[in-house]
Each structure stands twice: as structure tokens, then as C-alpha cells.
Amino acid sequence: MLQRLLHVREPLLVTLSLLQDDEGRGLGSVIVFDDYTQEVRAQRMAAWREVARRIAHEIKNPLTPIQLAAQRMRRRFRDRFANTPDDAQVFDECVDTIESHVDGLKVLVNEFSQFARLPAARPKPDDINQLVQEAVSSYAGKESVRFETELDSGLPLVDLDRDQIRRLLTNLLENACAAIAGSGRPGKVVVRTLHDAPLQAARVEVADNGIGVPPEDRRRIFEPYFSTKEHGTGLGLAIVSRIVADHHGYVRVHANRPHGTRFIVELPIRTT
Ligand SMILES: Nc1ncnc2c1ncn2[C@@H]1O[C@H](COP(=O)(O)OP(=O)(O)OP(=O)(O)O)[C@@H](O)[C@H]1O
Ligand SMILES: [Mg+2]
């Protein structure tokens with residue numbers, strides 16, 4: 001048992017207590033292993049949030065003046081190139097480049113700020129199946145991916161923040177589609193819901209047949225800014241993790257068989 005525990009590559013908090021009788025003779029020892037994964041994740045998240053907040057603040061301020069200056073330049077000088085079309089083209093291209101990159105930066109900064117200041121969850125009893133159905137149907141037009149739902153009709157209402165759970169589902173579905181696009185296989189995403197009565201939890205599973213997550217990345221994918229995509233922010237799953245924690249739930253990742261990835265979210269069901 002101990003040998004198996006020591007081979008686990010998860011952070012563990014180990015507490016060793018030596019027991020003695022009244023005369024100070026040793027009676028043995030008690031070793032307690034606590035799974036420290038969630039705590040470590042929360043600490044890293046808090047540190048990253050602070051970084052995100054500062055960077056967002058520093059980048060955001062100059063963006064609007066840059067954008068306004070580019071627009072002003074276009075209005076003021078564009079007519080001067082009426083007789084030199086080559087110069088006019090270069091001028092337009094330069095101003096377009098400034099404007100489109102500033103727009104890109106604004107999107108990035110907004111993601112940063114959203115991560116730094118995700119509004120606190122305001123949970124109300126709600127129907128997860130309905131949210132899943134809405135989220136999946138918004139992907140209905142997606143080419144080369146088939147979406148299926150297997151919804152447990154016996155699932156009770158769960159205390160949840162609609163907007164945040166929507167964001168969580170969108171992040172998981174986006175990632176699933178990206179993983180499928182990278183695999184070259186005909187895509188399939190299955191979203192299941194299940195009432196886990198003994199655990200008093202609602203379980204939502206998003207399974208894809210995409211490229212999968214290599215075992216060495218499995219823990220890191222929830223860290224902010226970890227991304228294997230060329231233009232990924234790496235904030236999607238950090239936001240998912242934060243939303244789940246705000247709902248006092250758990251999120252895990254498993255390999256899907258024969259290909260792909262399965263994300264499992266468990267949210268507690270209140271039984272009062
Ligand atoms: N369904 C999945 N299949 C395979 N890999 C995944 C899946 N979901 C996430 N990942 C891996 O986890 C990484 C982090 O995901 P996350 O959503 O946090 O950021 P991202 O998708 O890279 O960026 P963004 O969310 O901004 O598009 C991804 O880059 C990818 O390597
Ligand atoms: Mg993502």
C-alpha cells in the first residue's frame with residue numbers, strides 16, 4: 001500500500017505522529033497522507049491571477065489611444081495619396097495592421113482580465129440537462145464533428161450559476177473540437193449527465209475522440225497559460241477549474257477509449 005502511494009506523482013501532505021505512553025515509551029506511529037492536489041492547484045491559480053491582473057492593467061491603458069491615433073491618421077492623410085496608388089496601398093496596409101493587432105490585443109487583455117476577475121458564482125437551483133442541450137445545439141452547424149447527448153432524466157436540480165456553467169461547457173466543447181481537428185479522424189463528442197446518488201453529485205462528462213492528452217501533461221493542462229496550441233491562451237481549463245471550485249465540485253481528466261479525452265465534472269447536489 002505504502003509502496004503504491006509513494007509511486008503516485010501527486011502532491012501529498014504527509015503527517016507523521018509518534019505515539020508514546022505516559023512514561024515516554026514508544027507505542028508506534030501514525031502516518032497520514034493527504035491528497036494535496038486541489039490546494040496546490042488553488043495556490044498556483046491565485047499567483048497566476050495576480051500576474052494576469054497586472055499584465056492586463058498595463059497592456060489595456062495604451063490600446064485605446066493607439067487605436068484612435070490610427071483612425072485619425074487614416075482620416076487626415078488618406079486623401080494625400082490620391083495620385084499615388086502604391087503609396088495609398090502601403091498606407092492602408094500599415095493602418096490596417098495597427099488596427100487589427102490592437103483588436104487582437106484587446107481580446108487577449110479581456111481574457112486576462114476575465115480570468116483575473118471572474119465574477120463570483122451566484123448559484124440558483126437549475127437544470128443541467130437544459131444547459132447541456134443549449135450548449136451542444138449551439139455547435140450543431142459544426143462540420144466534421146457529430147455531437148451526441150446522453151442525459152439522465154432523473155437528474156435533480158443543482159445549485160449553479162448559469163452563465164458560469166455555460167462558459168465551462170463552451171470551453172470543454174471548444175477544446176474537444178480543437179482536439180478533433182488535430183486528429184484527422186471523423187469527430188464525435190458525447191456529452192453525458194448522470195445522477196450519482198451515493199455521492200450526492202451531478203456528473204457531467206464531455207468525451208471526444210480527438211488527439212488526447214499525453215499522460216505527462218494531464219496535471220498541467222489546468223494551469224493558467226499552459227497551452228499546446230499556436231494561438232491558445234491556455235486560460236480555458238484554468239477558468240473551468242475555477243468555476244468548478246466556486247461550485248464546490250471536482251474536475252478530472254481521463255483518457256477516452258480508443259482515442260481522445262474525457263473530462264468529468266462533479267457538482268454537489270444539495271439535499272436539504
Ligand atoms: N479535449 C482535449 N483533448 C486534447 N487536449 C486537450 C483537450 N482539452 C484541453 N487540452 C489540452 O490542454 C491545453 C490547455 O487547454 P485550455 O483550454 O486551458 O487552453 P487552450 O485551449 O490551449 O487555449 P484557449 O482556451 O485560449 O483556446 C490545450 O492546449 C491542450 O493541449
Ligand atoms: Mg481551450
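A residue is called buried here when its relative accessible area is under 20%, and exposed when that area is over 50%. The model on screen is predicted.

**Stop 1: helix H3**

Select residues 85–116, which form helix H3. The helix has 32 residues; at 1.5 Å a residue these should span 46 Å, and the end C-alpha atoms are in fact 46 Å apart, so the two values agree. Now colour the buried residues of H3: Ala88, Phe91, Asp92, Val95, Glu99, Val102, Val109, Phe112, Ser113, Phe115 and Ala116. An α-helix has 3.6 residues a turn, so residues three or four places apart point the same way. To see what covers the buried residues of H3, add helix H2 (37–77) and helix H6, which are included in that cover.

**Stop 2: Asp92 and Gln67**

Stay on H3 and centre on Asp92, which lies in this helix. Its relative accessible area is 18%; the cut-off for a buried residue is 20%, so Asp92 counts as buried. Leaving aside residues up to four places away in sequence, Asp92 touches Arg74 and Arg78.

Next pick Gln67, in helix H2. Gln67 is buried too, with a relative accessible area of 14%. Show Val102, Asp103 and Lys106: Gln67 touches these three, again not counting residues up to four places away in sequence. Val102 is also one of the buried residues of H3.

**Stop 3: between the domains**

Colour the chain by its domain assignment, with domain 1 at 1–117 and domain 2 at 124–268. The C-alpha centres of the two domains lie 21 Å apart. Across the boundary, 15 residues of domain 1 are in contact with 14 residues of domain 2. Together the domains bury about 1,400 Å² between them, and 60% of this is on carbon and sulfur atoms. Select Arg41, Trp48 and Phe115: they supply 36% of the area that domain 1 buries against domain 2, more than any other three residues. Phe115 has come up before, among the buried residues of H3.

**Stop 4: the sheet**

Hide the side chains and look for five strands in the order S4-S6-S7-S9-S8, which form an open sheet with mixed pairing. Which strands stand at the edges? They are S4 (145–150) and S8 (250–255); each has a single partner strand, so one side of each is left without a neighbour in the sheet. From one strand to the next, the twist averages 15°.

Zoom in on S4 and strand S6 (residues 187–196), which pair in the parallel sense over six bridges. Within this pair, Thr149 stands opposite Val191 in S6. Then bring back helix H6 (residues 236–246), which packs on the sheet and touches S8 and strand S9 (261–268). The direction of H6 makes about 135° with that of S8.

**Stop 5: three loops**

Follow the chain from H6 towards S8 and stop at His248, in the loop between the two. His248 has a positive phi of about 60° although it is not a glycine. With a relative accessibility of 66%, His248 counts as exposed.

Go on to the loop between S8 and S9, where Pro258 is found. The peptide bond from Arg257 to Pro258 is cis, with omega near -5°.

Finish at Gln200, in the loop between S6 and strand S7 (201–208). Phi of Gln200 is near 50°, a positive value in a residue other than glycine. Is Gln200 buried, exposed or partly exposed? Its relative accessibility is 40%, so Gln200 counts as partly exposed.

Note on methods. Residues are numbered from 1 along each chain as its sequence is written. Chains are lettered from A and ligands numbered from 1 in the order in which they are written. This is a predicted model: local features need pLDDT of at least 70, side-chain atom pairs count only at pLDDT 80 or more; totals for chains, interfaces and linings use all residues. Side-chain values use heavy atoms; hydrogens and water are left out. Two strands pair if DSSP finds at least two bridges between them. Helices (H or I, at least four residues) and strands (E, at least two) are DSSP runs, numbered from the N terminus. Axes are lines fitted to C-alpha atoms, for helices over the stretch in contact, and angles run from 0 to 180 degrees between N-to-C directions. Contact means heavy atoms within 4.5 Å. The expected span of a helix is 1.5 Å times one less than its number of residues. Buried means under 20% relative accessible area, exposed over 50%, partly exposed in between (1.4 Å probe, protein chains only). Domain bounds come from an automatic or database domain assignment. Buried area is the accessible area (1.4 Å probe) that two parts lose on being put together, summed over both.
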